[in-house]
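Open your viewer and get the selection tool ready. We will make a few stops together, picking one group of residues at a time.

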Amino acid sequence: MRQSRSATILLLAAAVATAMAVFLPLWWVFASSLRPGNSFVKYTSPLSWRAFIPVGGDFTNYSGLLGGEFTRGLLNSFLVAGLTILFGLAIAVPAAWALASIEFPGRGAVFAFVIVVSMIPFDTIAIPLSSLFQTWHLSDSYPGLILPALANGFAIFVLRQFFLGIPRELIDAGEVDGLGRVATLWRIVLPLSRPALIGAGMMLFLSQWQAYLWPLLIGTSPERQLAPIALANLSTLFSVNLGQILAGSFVLSIIPMVLLLFFQKQYSASLSTTGLKG
């Protein structure tokens, strides 16, 4: 009992220390963003408790971001990420269902190819791909921003593994009732796959939300810029408002965190099934 209690205390202490290590930098960014301009710097060298407690702070930096290029970039990011989730799932779901339910020669090789390709860093092909998109007249357009993120191998992997975990009896019952593969997917499989759909959707969302190089190469005009590019543009050759940059950084960081916390249960359930069947 004592050993068990000691292990529990140690695990709890480790969890608290890990949470603080993650939370403290984010809190510092938020606290610093409440100070006007670059005034937060004087509390960091030497480091003072005022760096973490914004006494007398306000939301001037956040209000300064409203109505500018950052707000437009934030709206563009929501639009691009939302369309990526919609069309990305429209591609990933049938691909995963085919790899999970249809026996055909080379199925394992096709699945392995999907996984291997998804492991290739996108930055290695971004520059030649941008030249190809310019040839197709897709530069500085929403389709140009969205298309490369649609075929997400990890989303296909998560969905396939979840589909394999669905009891075969339910699928056989649908086939006995005369349902085809598409109808079985639509009426039986998808209603049971909400956690996997949310997990795959979060992967698609994060792939677009944190993207920087590709939007920098493709979205050249202010009307097509995404939030990370608009945030970088807050720093110019003549002035740098670190307070606004920190405010924008906090906004970009907190949005996916809130989504992950809101869908934590479903997201964890989708990932917990990925190793059940091969």
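Start between domain 1 and domain 2, where the count of salt bridges (a side-chain nitrogen of Lys or Arg within 4 Å of a carboxyl oxygen of Asp or Glu) is zero. To see both parts, select residues 5-58 for domain 1 and 65-274 for domain 2; these bounds come from an automatic or database domain assignment. Contact between them, meaning heavy atoms within 4.5 Å, takes 11 residues from domain 1 and 10 from domain 2.

A word on what you are viewing: this is a predicted model, in which local features need pLDDT of at least 70 and side-chain atom pairs count only at pLDDT 80 or more, while totals for chains, interfaces and linings use all residues. Residues are numbered from 1 along each chain as its sequence is written, and side-chain values use heavy atoms, with hydrogens and water left out.

Next, select R107 and E103, whose side chains meet in a salt bridge, 3.3 Å from N to O. Is each partner buried or exposed (under 20% relative accessible area for buried, over 50% for exposed, partly exposed in between, with a 1.4 Å probe and protein chains only)? R107 is buried at 17%, whereas E103 is exposed at 66%.

Now move to R168 and D172, another salt bridge, with the closest N and O atoms 3.1 Å apart. R168 is partly exposed at 42% relative accessibility, and D172 is partly exposed at 32%.

That completes the set: the structure holds two salt bridges.
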